[in-house]
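Morning, everyone. I have one structure to show you today. Please take a look at it before I start.

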Amino acid sequence: MTTSSMLRRAAYAMLVLLGGIAARPAAAAAQQFDVRGVVVDSAKAPVTGAMVVALTRTDSVIAAFATSGGSGGYILRRLTPGDYILQVTRIGSKPVRRDFTLGNANFTADTVVMLESGPVELAELTVSAEHIPIVNKPDTLEYNADAFKTRINASVEELLKRLPGVTVESDGTITAQGKQVQQVLVDGKEFFGNDPKMATRNLPAAAIDKVQVLDRKSDAAEFTGIDDGQEITTVNLVLKPNARVGYFGRAVGGAGPAPDADVAFAGSKGDDPRYTGALNLNRFSPETQLSIIGNRNNVGQSGFSIGQPVAMGGGRGGGGAGSLGSGFSETMAIGLNGSRQFAKNSWLRGSYFLSTGDNRQQATTDEQLLLGSAVSANRNELATSQSDNVSHRLNLNAQHQFNDWNQLRFRGNFNAGNNTSSSFSQQETLRPDGSFQNSAISRVATDGDNLSGDGRFTYSKRFNQAGRSLIAEAWGDLSEPDQFSNLNSSTDIANGQGGVITRDILQTQRRESQTFTYGQRLALTEPLGNGAVLEIFGQRRAISEDQNYDVRDLVDGAEVPNTDLSRAFERTYTYLQGGTRFSRNTAALRWVVGLEVQSSDLQGTIIGRDESIDNGFTNVLPSANMRYQFNQGSNFTLNYRTSTRDPSLNELQPFVDNTDPLRIYAGNPDLTPQFQHNLRADFRRFDQFTFRNIYLFANVSHNRNQIVQSRLVDDQGRQTVMPVNLGNGWNGSIGGSYGTPIRSLGAQVDLEYNYSRSLSQELVNNVVNESRTANHNIGLRVQNRSKEVFDLNAGARWGFNDVAYSINSALDQNYLNSTYYGEGTWFVNEAWSANASANYQVFDQNLFGPRDNIMMVGASIGRQMFDNRGEIRIYGVDLLNENNGISITSSSSFIRERQSPTLGRRVMVQFSYQLGSNLAPPGGGGRRR
């Protein structure tokens, strides 16, 4: 049996298991009954809000719960026959516990009388409780951080990896409830702008009380209370009270010998001894937040990370034991973040961040190319590159409330950077019979600068107590990139008669461009009573772009202008929009419907030619969203949006780009906007007593008049690519996750499934090619629940991929890639801990031929010291030295595998010390309590 078939059977078995677990509640529901009763006080008056719980008598596991209503009555629903304990609690009253037996019928319990507790003197009280891990509030999913224990000195990123429904990839990208997190707040405040990793990799898990996942509204929607479709998925880190006062932080330093790697392309970056150093210091108070971070290392960590888990075990992102990024890098970063709260609705927040990076990469690429209805080719490329960059980033967020009726908010960002790079590539394309088609050698040296900034003012005026308000916005965004390149390429092309035609290019290329976007918006909201609000709005938006591309050929050392490739272009997009939205909120249901009319006008000029572009379009853009809260633990949302996607400046320019001489790009001034429909639905439920959680989602997008590429391929395999408008395309996905504790085994099981399918189109030699892709992704993760001595987790992810092409079925492919991972930590005693992790990546052997799978192994041993403030740890990453950075991608024109050598085996000694006193861990034990 082949490895592929074995893995497919394993994945099928997991689907059966998923179905079996999901079906368990349905099977048990065949014999379920209700228990009713009444709670009163000593005066026989009804007691409201008492917590009533049914516990199984054998192991005291919660089977059902309810709260008493206004008449004191309660109903415990869907209990199976058996022996139970009825437990009733209320603050200020003595708890009541009594046994009962449920037979094959509904049951009425004896009336419960709650007595006042009275004063009780206790010399010492120890409370051991299982924290309620998740609360599903309206618009917010809230995790209790104390219910997901992490190691001492762990970062927030490590905490997030333990949360059900949250995935953290090896690069720090966070996905929560099926959507990518775009922002992380700290106590509702921005932390170093909009980069989520700044907070998750630099704040300690010990400082976090709650982790909240929500869709944060835009400033205008926050003021009006009406959704405008501009929400961003956000994580808010709620600090513990002791983290809001005083200071805390962490210092980290580590060193190790040079890695054993034969990577001449990396120069000294591959031969230098390894080192890492980082500092994080925070000074918080109820009114002020100040943070400084610094980092310098040559071990592949991003410049903004501090003290990442050194063994990097398997995780909800599908593993990553020693996933170090691409190539060899040396980075430095320093940042300052500040926030000052002057009053409840008046504040000033800002940050500055400086980063530098030096990266060396080498990549080997294999491609199966679709070149026509009966034409295909195999392309291979070897490319090396070196880049140095410096980046400055400044952001500011301020709000002032003049009085109860008027407030003004400003958000601004400024970015400046420089990048120099050089690259060398060799590529060769062979026909399916193995004969030579073409080859190219290219050298490119580039020096680029970029300046950009944006600002937005939002003003709100409320006219009366009923809530009538006026919202005015104005914004601007300016970007000025500048790039100078030297291109030296040599191309060999088979001429069909057994010979080769050679073409050399030696050029200088300068690109100068400027893009300015600005606009104004005015909205009036009017409350209509019973939770209904009407909004009427108008908006004007304009995008002004100009670009100058100067190309000069080097002939005998002299620069000669190339008029065929040089170009200059200007365009202005102007939008006028007007519409209305109607919103209504009730205790359980919130819905919004809207209708917008958009008129756009495009004016473009090709400088130096008697040519211009003049287009105008009018679109009607409906929208709707609905949210229904079934109860505290369950809700359902449905969102529908329409939008347009306008051609970019590069897509409109009728000129060619010859940076890749075998793939020439040309713009198309006749492009028109693409119209998009998007519909998304999701359901989530969490039972805070059984700890079972389920999340389901479905998403579908339809693109009309879509902008796709048209490829003209000649007999020698040279391609000319141009964007065109062509027909319709769509993509959709459906999936979910299910998590449940298995108390008899002391384990937590999480299952995930995601199916996506898409239809896209392109033109190949003027023939329509439809590419259909389908992906099944299955994930399983098991971990132990009691983590005081051992912290164990293991899992697997299977990815089934199917790609089909309408004009050349010979290139159709289906392949399976999978990952198996595991990690274990043993807390030997109060001071010592040991960790081991493994991540095994299995690649389909039939796609690009036989290749080695990758086993990544990491291990560490550490000792706590100085009352758990300090830790010294010896760790090894990629101990088998197999890290090779393999990725597989597919599109409408190719299937590609890319391999990039990167920093592999390394052994280092690291010391970390926790600064400050208010978050000092308890003396003893290896866990965060």
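I will go from the whole chain to its cores, and then to three strands.

First, a caution: this is a predicted model. The chain has 929 residues, and 48% of them are buried. What is its secondary structure? Six helices and 50 strands.

Now the surface. The accessible surface of the chain is about 41,400 Å². Carbon and sulfur atoms hold 54% of that.

Next, contacts. Take those in the chain with a separation of 6 or more. Of these, 65% are between residues 24 or more positions apart.

On to the cores. The largest nonpolar core has 38 residues. Which of them touch the most other members? Tyr-143, Val-211 and Leu-237. Several elements each supply at least two residues of this core, among them the strands β10 (140-144), β16 (208-216) and β17 (232-239). Helices take part as well: α2 (156-161) and α3 (196-200) each supply at least two. Another core lies apart from it, with 21 residues. Its members include Ala-54, Ala-66, Val-112 and Met-114.

Now find three strands further along. Strand β22 covers residues 346-370, and β23 covers residues 376-403. How do they pair? In the antiparallel sense, over 24 bridges. For a landmark, find Leu-348, which stands opposite Ala-398 in β23.

Then β23 pairs again. It runs antiparallel to β24, residues 406-430, and 25 bridges join the two. Here His-400 stands opposite Leu-408 in β24. What links β23 to β24? A hairpin, through two residues.

One general point to keep in mind: side chains in a regular strand alternate between the two faces of the sheet.

Methods. Residues numbered from 1 in each chain as written. Predicted model: local features only at pLDDT ≥ 70, side-chain atom pairs only at ≥ 80, totals over all residues. Heavy atoms only, no water. Core = buried A, V, L, I, M, F, W, Y, C linked by side-chain atoms within 4.5 Å. Buried < 20%, exposed > 50% of the residue type's maximum accessible area, 1.4 Å probe, protein only. Helix = DSSP H or I, 4+ residues; strand = E, 2+ residues; numbered from the N terminus. Contact = heavy atoms within 4.5 Å. Areas by Shrake-Rupley, 256 points an atom, 1.4 Å probe, with all protein chains shown as cover. Pairing = 2+ DSSP bridges.
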